[in-house]
Amino acid sequence: DDAGKYELTVENPHGKKTIGTYVKVYDTPGPPEEVVVKGATSKTAVIDWDPPSKDGGKPVNNYVLEKKIVGRHTWSTVDDNIVKTAYTVYNLIEGNQYLFRVIAENDFGYGEPGELPEPIFAADPVDQPDPPKKFEVTETSPTHISLRWTKPDYDGGSRITSYIVEMRFTDSEEWVKCTQINALRYTITEVIPNQDYMLRIFAQNTGAMSVPKEIGPVTAKEPIMPATLDLSALPGDEVIVKQGSDWTISIPYQGYPAPTAQWFRGMGNLRETNRVSTKTGGGVTMLSIRQVLKADGGKYSVQVSNPAGSQTADINVKIIGRPGPPNGPVVIEDVTPESCVLNWKPPTDDGGSDVTNYVIEKSDNRGATWVYVSSGVKRHQLKVTKLTENKEYLFKISAENRFGVGSPLKSDSVVAKLPYDPPSEPRNPTVSDVCRDSMTISWEESASDGGSEITGYICERKERNSNRWVKINRVPMKHLT
């Protein structure tokens, strides 16, 4: 700036004199201008620039080209003896972002660098990606607008590197860039309360930007949204839960102001215990049951509500697992000293799976210990054999399905014997009409027939000094003499 024409004037009472001279300042050159990338691939980039507008008073001898990977602090020299204003850079690393700068040199040294304004991706040319999907407002207030979106269906053949969010006033055509991020949500905080905005988003891959996806108008104010439930995750009208498992159902909800949630069981409020609990927050309400029991089955309901509205959903829970006990009582028939026949009915609750068989056990010590009789019974009847005469037995019967063996049905006790007792002894036997080779024996009927009609009597005799009794009649006789 000090270069130019200078004048010196001297003056006295007799006159004045002016002389002039030209000053030329020599310096290093200024920065090269209009540094651009004319083309780039995954391995190369063509850098182009214009000479500096100020050469420092001496011609530019050559240029120095430097590069830097975005995120690093140091520049590396690509070439320090370039005479043209274009250069092809080789050996780039695919996927990296690069910055380039060019420095002009004259006889007085190196000047200030001219830098590429935006980094470039080392990537082969790609297609334009589709715009992001499901671009929507998740929350508004007088101080912010929160947005979210999902990835585009087509990335243009290269990974999506960032998303660009812009906004404008509804009465303006000028778009303002809010952010460029690689996340799938963003909150705009620089808003004016109660102002209406138009919003748009672009997807950027390594070489191209999508067309915008636009929404609006959106007002920066507290919204009023009725409480609603997202029931898309429910499997249907009935939820199947395995007995003994830990079960949780999560139902998303939305609304503003933030809704409250209330759970019900049947017609009343759900009673929470150390096994049964609910939790609501973060846009999800959950019901959790630990160690699920058969009794936990039935109808559950959840209601979300806020000042703008409410919604209720019913959930029918079916518990599957081991079957319930067979229906009784156990009917015991055809009892003998060695066997008996057990009869029962199928369980009312099959556990949500067909009963495959029944497990039969017996005890001869009043239930202190149990012994398996059979575990493969398909019918509702079993003949139990190999009993010990006059022993008292208990039986228990359990149904089994694919989830396991259920709780048992127990029988009444039964004694392994004939269904009647021996008759009592005949009463009042007498001897009459005693002769040398005969006598008459008479008696009265037994006091008890043992539960069965007496079919006859057997008479026996023995010598006075003998211990051996001998039957007199081989066939029982019905008369009493």
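Which strand does Glu112 lie in? In this predicted model, Glu112 belongs to strand β9, which covers residues 109–115. Strands are a good place to start here, as the protein chain has 38 of them and zero helices.

As for overall shape, the C-alpha atoms fill a box of roughly 210 × 55 × 40 Å along the principal axes. The radius of gyration tells a similar story: the protein chain comes out at 52 Å, while a compact globule of 481 residues would be near 23 Å. Buried residues account for 33% of the 481 residues. The accessible surface adds up to about 29,500 Å², and carbon and sulfur atoms hold 48% of that. Contacts were also sorted by sequence separation: of those between residues at least 6 apart, 58% link residues at least 24 apart.

Back to Glu112. Is this residue buried or exposed? Its relative accessible area is 55%, and because anything over 50% counts as exposed, Glu112 falls in the exposed class. Leaving aside residues up to four places away in sequence, Glu112 touches Pro29, Gly30, Pro31, Pro32 and Val102. Gly309, on the other hand, is 197 residues from Glu112 in sequence and 66 Å away in space, C-alpha to C-alpha.

Thr9 sits in strand β1, residues 4–12. With a relative accessible area of 45%, Thr9 is partly exposed. Its contacts, again without residues up to four places away in sequence, are Lys16, Lys17 and Thr18. Between Thr9 and Val371 there are 134 Å in space, C-alpha to C-alpha, and the two are 362 residues apart in sequence.

Now for the pockets. The largest pocket has a volume of about 500 Å³. Its lining takes in 20 residues, with Thr138, Met225, Tyr253, Gln254 and Gly255 closest to the centre. Two or more lining residues come from each of β11 (133–141), β18 (225–229) and β20 (247–256). By class, the lining of the largest pocket splits into nine nonpolar, seven polar and four charged residues.

The second largest pocket holds about 410 Å³ of space. Here 18 residues form the lining, and Glu118, Pro119, Ile120, Phe121 and Gln204 lie nearest the centre. The elements giving two or more residues to this lining are β3 (33–40), β10 (120–121), β13 (160–169), β14 (176–181) and β16 (196–205). Which of the elements gives the most? That is β13, with three residues. Eight nonpolar, eight polar and two charged residues make up the lining of the second largest pocket.

Finally, the backbone has a few spots that stand out. Most peptide bonds are trans, and most residues other than glycine have a negative phi. Against that background, the bond from Gly216 to Pro217 is cis, with omega near 0°, and Pro217 is part of strand β17, residues 213–219. Another cis bond joins Tyr256 and Pro257, with omega about 0°; Pro257 is in the loop between β20 and β21 (260–265).

Positive phi values turn up too. Gln291 is not a glycine, yet its phi is about 50°. This residue is placed in the loop between β24 (284–289) and β25 (298–306), and Gln291 is partly exposed, at 44% relative accessible area. Asn428 also has a positive phi, near 50°, but this residue lies in a strand, β35, which spans residues 427–432.

Terms used:
Residues numbered from 1 in each chain as written. Predicted model: local features only at pLDDT ≥ 70, side-chain atom pairs only at ≥ 80, totals over all residues. Heavy atoms only, no water. 1 Å grid on protein atoms, 1.4 Å probe; cavity = no way out; pocket = protein on both sides within 12 Å on 5 of 7 lines; lining within 4 Å. Points joined across faces, edges and corners; volume = space filled by probe spheres on them. Helix = DSSP H or I, 4+ residues; strand = E, 2+ residues; numbered from the N terminus. Nonpolar A, V, L, I, M, F, W, Y, C, P; charged D, E, K, R; others polar. Rg over C-alpha atoms; globule rule 2.2 N^0.38 Å. Buried < 20%, exposed > 50% of the residue type's maximum accessible area, 1.4 Å probe, protein only. Contact = heavy atoms within 4.5 Å. Areas by Shrake-Rupley, 256 points an atom, 1.4 Å probe, with all protein chains shown as cover.
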